[in-house]
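Please work through the exercises below with the sequence and the 3D structure open beside you. Each task is followed by a solution that proceeds step by step.

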Amino acid sequence: MKPVQSCPSRRELANAIRALAMDAVQLANSGHPGAPMGMADIAEVLWRDFLRHNPANPAWWNRDRFVLSNGHASMLLYSLLYLAGYPVKLDELRHFRQLGSRTAGHPEHDVAMGIETTTGPLGQGLANAVGMALAEKALAATFNRPGLPLVDHYTYVFVGDGCLMEGISHEACSLAGTLKLGRLICFYDDNGISIDGEVQGWFTDNTAQRFAAYGWQVVAPVDGHDSEAVRRAILEARSVTDRPSMICCRTVIGWGAPNKQGTEATHGAALGADEVAAARRTLEWEHPPFVIPDELKAQWDAHEQGARNESEWQQLFARYRKAHPDLAREFERRMRGELPAGFQDAAAKCIADAAQQAANVATRQSSQAALNALGPVLPDLIGGSADLTGSNNTRRKDSRTLTGEDASGDYVHYGVREFGMTAILNGLALHGGFIPYGGTFLTFSDYARNAVRMAALMKQGSILVYSHDSIGLGEDGPTHQPIEHLASLRLIPNLTLWRPCDAVESAVAWQAAIEHRTGPTALALTRQNLTHQPRSAEQIAAIKRGGYTLIECEGTPECIVIATGSEIGIAAEAVRELIKRGRRVRLVSMPSFEVFACNDALYQEHVLPPAVRKRVAVEAGVTAIWRQFVGTEGRIIGIDHFGASGKGSDLFKHFGFTAQHVLETVGELLGAP
């Protein structure tokens with residue numbers, strides 16, 4: 001066996017990544033060895049020479065963020081974490097992609113083991129990184145003081161051809177250039193191969209010119225297997241502070257596998273025992289599978305340097321705290337994700353004011369009123385809209401626009417970039433220090449769908465403000481009228497949707513969204529004005545349960561009507577008329593299915609007694625999801641086809657969303673004459 005030198009070369013250190021990657025994929029007989037083997041030299045230089053982190057404290061606030069956007073290369077990240085000394089055991093590499101292992105097929109957000117974000121859906125990691133870099137710049141603008149750069153870390157991201165082919169890369173990177181995110185540095189793994197083979201047949205973009213046009217600094221071409229060239233490229237990227245940087249690295253996918261490197265055969269499948277053996281010979285790697293010699297592991301171990309990195313920052317923070325104690329406390333509060341002391345009082349006042357004013361307004365306006373009330377006591381809020389600010393009502397009266405020149409603002413104009421915006425919100429939330437929200441029309445949640453799903457998967461508290469929530473928006477027609485969207489969002493695990501019926505429910509929904517930090521919240525809001533619903537103090541308190549009795553009858557109900565949002569007013573008119581006629585009908589407002597489901601069975605049965613089987617649901621959306629509440633004997637007034645162009649009030653009448661239709665439907669159930 002060839003002895004390992006006391007001072008291993010860079011290539012030997014990089015080969016440790018290659019060996020672990022091909023061994024883990026081979027043992028699992030599943031995975032992607034090519035990208036880890038191709039990017040190993042780049043990763044070795046970045047992680048050992050530049051990345052400022054501490055394996056003993058992966059959540060250190062001012063650490064550099066590293067994002068593997070080409071998440072199929074997960075063994076690259078897992079190998080780096082193991083080698084650097086993060087809490088990733090060798091046994092977990094052996095169980096790569098197996099049930100119960102922390103080394104999943106694609107990296108899943110777990111800061112405790114050093115994984116900043118979940119990646120796999122290509123391009124989203126890159127957009128998350130834009131959000132992280134935006135968070136760094138905004139926090140720096142708020143908290144840094146002369147001589148005391150409290151926030152000054154970098155965000156590094158690896159991307160592949162697939163990330164750049166996905167449209168989200170254009171949305172996010174265009175905005176990153178506009179916002180001058182100078183501490184965002186990307187490494188493009190330009191290996192020319194994707195699953196289908198050589199990308200020249202379907203991806204001929206001039207990436208360098210593309211990113212230069214975005215306003216990025218481009219460092220190209222760089223030999224991704226020349227460590228010194230990579231080191232110089234990173235230094236050049238870091239020398240520019242007013243533009244993000246793209247380092248274009250030419251690499252060979254599967255580098256070191258002599259018969260398969262440079263081909264799609266290394267992309268998404270194990271190399272095979274023979275090719276792994278051949279690669280060992282080519283790389284002069286004579287160690288058994290999963291064995292990293294102590295000399296190599298010692299050179300990779302980042303504990304000592306990591307402790308120095310964090311200690312230096314802690315010393316700076318101590319000086320900062322002494323000079324600016326109030327700012328230091330606020331920084332700590334925000335990075336810990338704690339709400340300010342005055343938030344609960346402000347929320348209570350916001351709800352009480354909405355009840356007292358009893359205004360008949362659109363819930364998009366009610367939402368803005370809540371923002372105006374809560375924003376001044378919550379500097380964590382950072383908002384924005386995908387070019388629909390005036391329609392979504394997402395800008396509060398004291399907002400200041402965040403720009404590339406001045407990042408101290410709290411409102412981002414995302415432009416027509418719904419998908420990019422939503423993934424950037426996820427990056428802001430992942431970074432810490434912010435409660436991000438962004439707006440668009442409910443129908444355009446389709447554009448952002450996978451980023452919404454990723455927020456739910458990662459349990460990140462992004463707030464999604466979706467206005468124009470039904471056919472009630474009117475003349476824009478069926479292209480803009482959401483039909484299936486409420487139901488489809490409700491189907492996403494760990495996402496909470498609120499569809500408030502007036503200003504009071506809107507205020508409660510905003511409070512709930514801000515307090516809910518373990519998953520995204522969607523707010524579905526109307527364009528049209530809605531009627532204020534009178535409530536007792538007890539009913540107002542019950543809104544936070546997600547479903548409650550809004551109108552009660554005397555005695556046990558014969559029938560229960562359940563509705564949300566704009567249809568509450570219609571249902572309320574019908575229920576009150578039925579009660580006048582001597583029928584025992586209860587109206588339940590159900591602004592959040594998900595929150596209601598979290599109540600104990602006793603409360604749920606109190607609101608929806610199982611014995612009352614005659615029920616009518618009313619919502620201007622697809623009907624199937626309501627069967628859980630009305631059962632097989634109930635009726636659903638909904639819409640299972642696309643809308644039409646016309647005034648919202650006319651469409652409601654045309655499609656049967658009227659008090660008369662509700663009254664007649666209940667009457668049919670009750671056998672009324």
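The exercises that follow concern a sheet, a helix that lies across it, and two residues.

The model is predicted, and local features need pLDDT of at least 70, side-chain atom pairs count only at pLDDT 80 or more, while totals for chains, interfaces and linings use all residues. Residues are numbered from 1 along each chain as its sequence is written, and side-chain values use heavy atoms, with hydrogens and water left out.

**Exercise 1.** Determine the strand order of the open sheet and identify its edge strands.

*Solution.* Begin with the terms: helices (H or I, at least four residues) and strands (E, at least two) are DSSP runs numbered from the N terminus, and two strands pair if DSSP finds at least two bridges between them. On this basis five strands form an open sheet in the order 1-2-3-7-6, with parallel pairing. Strand 1 (65–68) and strand 6 (217–223) are the edge strands, each of them pairing on one side only. Next, look at strand 3 (residues 184–190) and strand 7 (residues 245–250), which pair in the parallel sense over six bridges; here C186 stands opposite M246 in strand 7.

**Exercise 2.** Place helix 5 relative to the sheet strands, and then describe the surroundings of Q124.

*Solution.* Helix 5 (residues 124–143) lies across strand 1, strand 2 (155–160) and strand 3, and runs at about 165° to strand 2, where axes are lines fitted to C-alpha atoms, for helices over the stretch in contact, and angles run from 0 to 180 degrees between N-to-C directions. Q124 lies in this helix and counts as buried because its relative accessibility is 2%, buried being under 20% relative accessible area, exposed over 50% and partly exposed in between (1.4 Å probe, protein chains only). Not counting residues up to four places away in sequence, Q124 touches S69, I168, F419, A423, N450, A451 and M454, contact meaning heavy atoms within 4.5 Å. Finally, the side chains of Q124 and N450 make a polar contact (2.5 Å), that is, a pair of N or O atoms within 3.5 Å, of which, within protein, one must be able to donate a hydrogen and the other to accept it, and residues adjacent in sequence count only if both atoms are side-chain atoms.

**Exercise 3.** Is D110 buried, partly exposed or exposed, and which residues is D110 in contact with?

*Solution.* First locate D110 in the loop between helix 4 (90–94) and helix 5. D110 counts as partly exposed because its relative accessibility is 22%. Leaving aside neighbours within four places in sequence, D110 is in contact with R102 and I115, and a polar contact of 3.3 Å joins the side chains of D110 and R102.
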